Amino acid sequence: MKEFLEGSLAVAEAIRLCKPGVISAYPITPQTHIVEELAQLVANGKLGSQFVNVESEHSAASVVLGASAAGVRAYTATSSQGLFYMAEVVFNIAGLRLPIVMTCAARAISAPINIWNDHQDVVSLRDSGWIQLHAEDIQEAVDMHFMAYRLAEDKSIMLPVIVSMDGFILTHGIETVDIPSQEQVDKFLPSYKPLYKLDPEDPITIGPLVDPDYYMETRFAIQKTMEQVLDFIPKVTQDFAKVTGRAYNGLIEEYRTKDAERVIVAMGSVCGTIKEVVDELRAKGKKVGLLKVTAFRPFPVKSIYGALKDIPKVAVIDRALSLGSFAPLEAEIKAVFSGKKKRPSVISSFVVGLGGRDITKDSIKEIFRMLTAKERSAEFIDLKPELLKEEFSDG
Amino acid sequence: MKEIRIHARAGQGAITTAALLGYVYFLKGMYPYAFPNFGAARMGAPMNAFVRVDSKPVRLRSQIYEPDYLLIADPTLLRGYNCFSGLKEDGVAIIDGTKDTEIPKLKPGQRAFVIPAKEIALKTIGRPLGNTALLGGFCAATNEFSLDSLLEAITKRFKGKALEGNIAAAKQGYEFVKNRSKV
């Protein structure tokens, strides 16, 4: 049913429909509204989950780890410092092959402290073994959670999924959302049947010490599974389309790229703003397009190669940094074309919207303007030169 | 596409106003995107909320710099802060204020309406939350939707005493602007 809902409440509604056995979370802006709503749904008897209040994100992640190991569907959500506080457990959850779903309300990282949106938190956990999906709008964020559980819990996958939605822009934005019915969700998402679980009646050990004779194979197994995930995501999105009518590619989205001469590559809500600019520039006869990356992990190398190989000039937008090197998405896109004959003649990279700095249509137009024959790396857009005077002056 | 910028202080209900305004458009079958922009996260700090609305889903995620309409929930924000920045040539501003509220010089096509929204709210709701009175004024000043559409949205979002008070506040805000324009 179509409703006018805040992003956080819409996601809470999606989680209610997924019927997790255990929810545990610690509030942090801008994720708080999601778990507040879930706590209320549980308290009001509208959701049969056990909601475990904890004193920190490290414990929240540990609780869902334990719950999932005991064989139930589990959910948590966090943001920024909270995600980093969880980090140790986040890696453990993937290593233990526990199909937990977590929402990250993407936000900047301290210091200096900043509660606003960018992607530094979620992108920094790219090596954790979690599948990582980035939503463009609230509807996509909602739908990703259903698909995330389906993906995570498939016996051929058994990996956790993080759904990233831009803090404030999507978590606190209110828009028209189509929430599927319980019947539709049940049809798409069967109840969770674990392969193994911790059970006192039938004891097993999970997560023991693994010495050098065995450790590498466990990592190899996840790496191989990630390859399978790339093939499996399109099957999941097709099944989802059959039930709801909403079709997603799940890996990437090509927007007016077919005959494009210049294409921006980006993730998250900024893709909406880019689509607006693409339409405006197309109306003026400029051949521009957008490649939206939905799956950041696993990284859809083949799909991206196919989408960009014939594009002359590509601009990669990062909303995070790997300080001292290429920007994160820039590095990945450049790696896709390393040693390839067919490739864009220019792959430039731009950093935009850190710590909530607004990304306007002008920011995007500036990137298209700067996408020339001169290749750029991690070029900052919308910097304020007056704020940099002191830092870089001689005196 | 229409763009509305709300100026308020944190705690004055700007987000509720944006949500309610968006909801009116939603009930009309339009696609609103209502969103806040927080400054310092404390009561009383200046903040904005926005509504961008179109007949198709809104994709643009930036803040609003050239609004069609302004809602100013606190006249003290007019001092030392340019609330009117970027207002369109034919833009309309609805301001919660009094006869003494000074508004900047407008361009020929622009219009501004000062409504004693907090006063209305104190009488109707019992608290100085002028949002629904402002929206009543907005409705009369812009003709974006009918008063009935606004009252329908309020009826679906409020209950009991709050519902009664907010209905009365919206009607009085509406009447205030209607009567003023006749003069």
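**Contacts within chain A and with chain B**

Guide: In this predicted model, domain 1 of chain A places 26 residues in contact with 20 residues of domain 2 of chain A.

Visitor: Which elements give two or more residues to the domain 1 side there?

Guide: On the side of domain 1 of chain A that touches domain 2 of chain A, two or more residues come from each of helix 5 (120-124), strand 6 (131-134), strand 7 (161-166) and helix 8 (215-244) of chain A, and helix 8 gives the most, with five residues.

Visitor: How do the residues on that side divide into nonpolar, polar and charged?

Guide: The side of domain 1 of chain A that touches domain 2 of chain A is made up of 13 nonpolar, seven polar and six charged residues.

Visitor: And where do the two domains begin and end?

Guide: Domain 1 of chain A covers 2-244 and domain 2 of chain A covers 252-390, and their centres, taken over C-alpha atoms, are separated by 27 Å.

Visitor: Switching to chain B, how many residues does each chain bring to the contact?

Guide: Chain A brings 18 residues and chain B brings 17 residues; on the side of chain A that touches chain B, strand 8 (174-178) and helix 9 (270-283) of chain A each supply at least two, with the largest share, five residues, coming from helix 9.

Visitor: What about the character of that side?

Guide: The side of chain A that touches chain B has six nonpolar, seven polar and five charged residues.

Visitor: Which strand of chain B is joined to strand 8 of chain A?

Guide: Strand 8 of chain A is joined by two bridges to strand 2 (residues 31-37) of chain B, and the two run antiparallel; within strand 2 of chain B, B:A34 is the bridge partner of A:I174.

Note on methods: Residues numbered from 1 in each chain as written. Chains lettered and ligands numbered in written order. Predicted model: local features only at pLDDT ≥ 70, side-chain atom pairs only at ≥ 80, totals over all residues. Contact = placed C-beta atoms within 7 Å. Helix = DSSP H or I, 4+ residues; strand = E, 2+ residues; numbered from the N terminus. Nonpolar A, V, L, I, M, F, W, Y, C, P; charged D, E, K, R; others polar. Pairing = 2+ DSSP bridges. Domains from an automatic or database assignment.
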